[in-house]
Amino acid sequence: MTLQLELTTQEHKADALSHITQKANECFDKADQFFGNKFKRSTCNLKQRGRAAGTAHLQKNELRFNLFMYQQDPTEFINTVVPHEVAHLIVFQIYGHSVRPHGKEWQAVMRKVYGNNPSRTHTFETPPQKQPYTYHCACQKHQFSKQRHTRAQKGVEYICKGCKSNLQFVGKIT
């Protein structure tokens, strides 16, 4: 039974990656046609974790996508997140580092090439934190990820946006 479940999961991942890669290539094709240029195609993978739906690694020409979020609404993900990330690579291949990540150039690619509203954020649910650490301030409790907790333990100070007081470690939630 476990082997069958693993195969199904691997098949699902492969299917998701295939759909994402196909959409990314379609987005590059649209950009080629719009700009009269041949843009370098990227690699795609499902290595993105956490709160981001996707990221464009410009120097590596790599697109990373979040399978957890893809699974919530594959059609919405394909139609919004994939063009968003491809647009970052297109803008980078045209302008290099001289423009802002979600600046007017990126917004223009989103509107004119892909016909999408240029939005920096997504509406997908994020996965629950695996090892939350509790901190408090004068007004409430805060949950930290392991990474943020480690930074705090090394001396990084975090301040509550509400009451403006320093956050203090309370303990780990088990």
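User: Which residues make the nonpolar surface patch of about 360 Å²?

Analyst: A patch of this kind is read as a group of residues, then traced back to the elements that carry them. In this predicted model, Phe34, Phe35, Ile94 and Tyr95 make up the nonpolar patch, with an area of about 360 Å². Helices α1 and α3 (74-95) each supply at least two of its residues.

User: Is phenylalanine 34 buried, partly exposed or exposed?

Analyst: The class follows from relative accessibility, where partly exposed covers the range between 20% and 50%. Phenylalanine 34, found in helix α1, has 44% relative accessibility and therefore counts as partly exposed.

User: How does cysteine 27 compare: buried or exposed?

Analyst: Buried means under 20% relative accessible area. Cysteine 27 sits in helix α1 (residues 2-35), and because its relative accessibility is 2%, cysteine 27 counts as buried.

User: What does cysteine 27 touch beyond residues up to four places away in sequence?

Analyst: Leaving out sequence neighbours shows which other parts of the chain come into contact. Here the contacts of cysteine 27 are Pro83, Val86 and Tyr114. Valine 86 is 59 residues from cysteine 27 in sequence, yet their C-alpha atoms are 6.8 Å apart.

User: Lysine 104 is another helix residue to read. Where does lysine 104 lie, and is lysine 104 buried or exposed?

Analyst: The element is read before the accessibility. Lysine 104 belongs to helix α4 (residues 104-113). The cut-off for exposed is over 50%, so lysine 104, at 65% relative accessibility, counts as exposed. A separation of 9.6 Å lies between the C-alpha atoms of lysine 104 and proline 118, which are 14 residues apart along the chain.

User: Turning to the sheet, in what order do its three strands stand?

Analyst: Strand order in a sheet is read across the pairing, not along the sequence. The open sheet runs β5-β4-β6, with antiparallel pairing. Strands β5 (141-144) and β6 (168-172) are at the edges; each has a single partner strand, so one side of each lacks a neighbour in the sheet. From one strand to the next, the twist averages 30°.

User: How many bridges join β4 and β5, and which residue is the bridge partner of threonine 134?

Analyst: Pairing is checked bridge by bridge. Strand β4 (residues 133-136) pairs with β5 over four bridges in the antiparallel sense. Threonine 134 has glutamine 143 in β5 as its bridge partner.

User: Which helix packs on the sheet?

Analyst: Packing is read from the strands touched and from the angle between directions. Helix α5 (residues 146-153) packs there and touches β4, β5 and β6. The direction of α5 makes about 55° with that of β4.

Definitions and conventions:
Residues numbered from 1 in each chain as written. Predicted model: local features only at pLDDT ≥ 70, side-chain atom pairs only at ≥ 80, totals over all residues. Heavy atoms only, no water. Buried < 20%, exposed > 50% of the residue type's maximum accessible area, 1.4 Å probe, protein only. Contact = heavy atoms within 4.5 Å. Pairing = 2+ DSSP bridges. Axes fitted to C-alpha atoms, helices over the stretch in contact; angles between N-to-C directions. Patch = residues over 30% accessible without salt bridge, like charges linked within 9 Å, V, L, I, M, F, W, Y side chains within 5 Å. Areas by Shrake-Rupley, 256 points an atom, 1.4 Å probe, with all protein chains shown as cover. Salt bridge = Lys/Arg side-chain N within 4 Å of Asp/Glu carboxyl O.
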